[in-house]
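Visitor: I have a few quick questions about this one. Can we go through the contacts together?
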4 protein chains.
Amino acid sequence: MAQIGFVGLGTMGKPMARRLLQAGHEVTVWNRSRAAVEELAAAGAKPAAALAEAFARPVVLSILADDASVHEQVLDSGVLAAAECQVHVNMATVSSDLAATAARVHAEHGIGYVAAPVLGRAGVAAAGKLNILAAGPPDALATARPVLAELAARVWDFGDRPAQANVVKIAVNFLLGAAIEATAEATSLVESHGIEARSFIELISNSLFPGPVYSGYGALMAEHRYAPAGFTVPLGLKDTRLALSAAHEHQLALPTASLVQDALLQALAAGWSERDWATLAEVARARAGRPAATQSD
Amino acid sequence: MAQIGFVGLGTMGKPMARRLLQAGHEVTVWNRSRAAVEELAAAGAKPAAALAEAFARPVVLSILADDASVHEQVLDSGVLAAAECQVHVNMATVSSDLAATAARVHAEHGIGYVAAPVLGRAGVAAAGKLNILAAGPPDALATARPVLAELAARVWDFGDRPAQANVVKIAVNFLLGAAIEATAEATSLVESHGIEARSFIELISNSLFPGPVYSGYGALMAEHRYAPAGFTVPLGLKDTRLALSAAHEHQLALPTASLVQDALLQALAAGWSERDWATLAEVARARAGRPAATQSD
Amino acid sequence: MAQIGFVGLGTMGKPMARRLLQAGHEVTVWNRSRAAVEELAAAGAKPAAALAEAFARPVVLSILADDASVHEQVLDSGVLAAAECQVHVNMATVSSDLAATAARVHAEHGIGYVAAPVLGRAGVAAAGKLNILAAGPPDALATARPVLAELAARVWDFGDRPAQANVVKIAVNFLLGAAIEATAEATSLVESHGIEARSFIELISNSLFPGPVYSGYGALMAEHRYAPAGFTVPLGLKDTRLALSAAHEHQLALPTASLVQDALLQALAAGWSERDWATLAEVARARAGRPAATQSD
Amino acid sequence: MAQIGFVGLGTMGKPMARRLLQAGHEVTVWNRSRAAVEELAAAGAKPAAALAEAFARPVVLSILADDASVHEQVLDSGVLAAAECQVHVNMATVSSDLAATAARVHAEHGIGYVAAPVLGRAGVAAAGKLNILAAGPPDALATARPVLAELAARVWDFGDRPAQANVVKIAVNFLLGAAIEATAEATSLVESHGIEARSFIELISNSLFPGPVYSGYGALMAEHRYAPAGFTVPLGLKDTRLALSAAHEHQLALPTASLVQDALLQALAAGWSERDWATLAEVARARAGRPAATQSD
């Protein structure tokens, strides 16, 4: 049984913390809004009165919203100066830049820093079947690994520099955006020839493109079903920009990411910020001069 | 047992004709070069001395190289004037434009015209497990369906206008090109951060992007293995152009296809016309200023 | 005084033929619709009863609509077999491909073929101040030059192969499309920050970007004045495609031309086929989520 | 005679300060490296021992390198708290974001803030013939105008919000990048058909595209002359990014800027960071599979 600090009880953090509790670990939880802390306490977690209590456990997992949250709550909050943990595992999708900064700052405080962003949504997290993409100093990673294993179908090792795991996650999300945009364009192409999106999506899902991406997003497109969003346009735009910026660090152009970014901006300009990023299908339809579809129920 | 004319014994045509023979049909085969005709005759087919003999059977299947071949051998050769077949099923990947012309010309001669391009390579054809995308007049399609069923895991119906099946095939190949380009860019991104292509491809194949496309083309990219080509750069370019032109018919821009076209042109300009179109990975690496990889063995 | 056959009395052909008459030449004119022939006859031209009469003069200038017209009226009409001219100067904006074919066909009939597309609109033609971009065999070009000089501020020599002059013309029109698209985007950028298009256009015309392009098209954009069109969207699209296809002959990608093509397709999809291609400004405004402007009067 | 503080004696600042001295003004100069201060003092300027001395004059002009310099030396240095000036005119090319921040911070200290970036290089500045793009509160602008007039062929007024002048400057530089990229592509197109870049550039400069941009950058491309750089690739990239970011503030995609950004990144990846951004011609040539040209002397 490990003693674990857990920081960030959002959509993903909550089922992950619960999973660790079910596996019999002692989990000290902290979250900015208290409701989630109390919810987890009711499930057996130790509520932390302050962030520092979570960082007093040997292994701390955190999954915060974005670069800014990590800066505000962890890197710039002073919590690391007094922290007693050996390893901090940052499971959020953040920039490779932030990962480099965080690795440096943690090292200054003698804390091992591991990046371990995940693939899989809340249900997958609850089942402990995530794909966890990990990178960091070997000893820190060795310490974190048994805890991560409780949450994962597989823990993938992507190197000693934490930023590497973040780049892998960013590259996967870029592939996702690219697949959505291509499916949007292909769908608008077949529709322009009088073919139903639904049967086209069924075909590709049952032949060359099995798996959740083409069938899942394709269904949203065929049914014009963009709300409630699984992943909103602004989140898609954020991740596309992380890809561009990770590429630009090494003077690498990613033309497809530029194109996806432009399409997501058009979605925002059209007022679709609350929608799922599958709404790129409507951007493609607008390009074809067709009126935007209203959501079917 | 059906009497079938079969025209075009190339990479795909040969296993398809064999499959029909194995299913017990009488298959009259014709091909421009005689070697293939004799090979099939040895396997039990009736060799046609002239194309007209194949077009004397009630159902004719053809799978020729491209628009130009269909024009030269079928539409402009005079064979239709004397043809006794009820239905001609064109299984090649041709333009939507050609499909429209062919439908009109066949109708003038009282012959049903069905477009039925396929998904799947030679091995899949041999096993009779193709996905066949069919479209055409309902009665012609009904006549063709039992024959097509011998070759297919599933025969998909995409409408009354033959061009519709071609557009679906073209849209699928566009998705393929888009997935290859995106994988090429994503791979160059992770490599620029010191991560091996191989492990990135393993991750995506085992999580969000299962199926043959990402793992198959990804492996070629990771191993710099572009020859022998499964599908060459010029063939990829041909199909990308079919997508652009099917879109332009309806004044639809396909920005991702424009981008894939540009990348394939760069591959040609680099002298890679014999390579598999997975070599888009090398175009992406060149963009990053890295020397082109030599093929690993 | 030269004896000149003149074929094609459209917007450009008419003032060019008049200019040659004013310079004292004998001009035998032919045009598919007779009204223009009679108009020029009233101005002193010799009306040709058939195309062959024009091709009986030593030097023939033609300026037809596009590749198809040149094929239909000249290359495939049989007129060359009986032609007595020494040189045929094709002044239309046609593809480099057509130029190569035309050069070959004329050579077979012992006729010199010069390509000499022009820069400048009707008013410039009337004043004999065109820029004429010429290419062709040196002796044919030498024969044509004195006649062309009557029409031109300058006759530019771009090589021995006629296609070269066409490629130069195509490249200039590509630059034009690119400048219009960039001005459209820049205008939408400043407008999104509350700056009037008009003052932005005034600035660029009076500083880095003098000359007719930025000020002329910029004024149309600032005033939302797209009709009557100086050059319609379909014409712009045709020329952009000529650029792409001249580039693709040599396996060259032109990313900016792909982008301009996509924007022009969106203009067509929006129903703006009668408008000037300055309407790319409205495509850019639509991208920003702004309602299309109605034309100001 | 005005009393002017002048901050930033770089390539542009030096001739501007000299020009003000020649016009008879009292100019108190400050620069981080002292050599430039002494050089101007020798020409009659008052050397400031500290930045605060410059900000003690009624009107301060500054022209610093970029956003970071403005932050470090002005906004975050404390100098504004003690400043006695009425108006600070920031003539640098900075982001619209910085302009908004600067306007707010200056207002808090009761100082008028005007943005007044310029068009024109050092020689034009020395001659007092710049185009100055100004925006800011009317009273502050009225105070600054007579001083700006000494430096300018024309002072353009782009509104009350300083950011507006910066956006105009950014939009002009975006047009510049777009024109360079288009000229690079057009040049590679004509070259692929065996036409010399030099004669193509001469044609466009003497017909549709007069003015310094096409002829100037075109000459660099024709002669492969990229060093010494008038404006380096990294500077071009910085300005292209300012355009993208000013557009993204209003959810506006600028596809041409995305494309120029990608091409500039390829130039960096090729190792050309010291070159003039006209080297986009070599990126285009590389796209065509041609070896990079060595600089001609």
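Guide: Sure, we can take a contact between chains and then a contact between domains.

Visitor: Is this model predicted, and what does that change?
Guide: The model is predicted. Local features need pLDDT of at least 70, and side-chain atom pairs count only at pLDDT 80 or more.

Visitor: OK. How many residues do chain B and chain D put into their contact?
Guide: Five residues come from chain B and five residues from chain D.

Visitor: And what area is buried between chain B and chain D?
Guide: About 420 Å². Carbon and sulfur atoms give 55% of that area.

Visitor: Which three residues of chain B supply the most of what it buries there?
Guide: B:Gln266, B:Ala269 and B:Arg287. Together they supply 81% of the area that chain B buries against chain D, more than any other three residues.

Visitor: What classes of residue are on that side of chain B?
Guide: The side of chain B that touches chain D has two nonpolar, two polar and one charged residues.

Visitor: How many salt bridges cross between chain B and chain D?
Guide: Zero by the rule. The count of residue pairs in polar contact between chain B and chain D is also zero, with both residues required at pLDDT 80 or more.

Visitor: Switching topic. Where are the domains in chain A?
Guide: Domain 1 of chain A is 3-160, and domain 2 of chain A is 166-287. Their centres, taken over C-alpha atoms, are 29 Å apart.

Visitor: How many residues does each domain give to the contact?
Guide: Domain 1 of chain A gives 16 residues, and domain 2 of chain A gives 14 residues.

Visitor: What do the two domains of chain A bury between them?
Guide: About 1,200 Å², with 59% of it on carbon and sulfur atoms.

Visitor: Which residues in domain 1 lose the most area?
Guide: A:Thr93, A:Ser96 and A:Arg121 lose the most to domain 2 of chain A. Together they make 42% of what the domain 1 side buries.

Visitor: What about salt bridges and polar contacts between those domains?
Guide: Zero salt bridges. There are four residue pairs in polar contact between domain 1 and domain 2 of chain A, both residues at pLDDT 80 or more.

Visitor: Which elements of domain 1 give two or more residues to that side?
Guide: Helix H5 (96-108) and strand S7 (118-119) of chain A. The largest share, three residues, comes from H5(A).

Visitor: And the classes on the domain 1 side?
Guide: The side of domain 1 of chain A that touches domain 2 of chain A has 10 nonpolar, three polar and three charged residues.

Definitions and conventions: Residues numbered from 1 in each chain as written. Chains lettered and ligands numbered in written order. Heavy atoms only, no water. Contact = heavy atoms within 4.5 Å. Buried area = accessible area lost by both parts, 1.4 Å probe. Salt bridge = Lys/Arg side-chain N within 4 Å of Asp/Glu carboxyl O. Polar contact = N/O pair within 3.5 Å; in protein donor to acceptor, adjacent residues only side chain to side chain. Nonpolar A, V, L, I, M, F, W, Y, C, P; charged D, E, K, R; others polar. Domains from an automatic or database assignment. Helix = DSSP H or I, 4+ residues; strand = E, 2+ residues; numbered from the N terminus.
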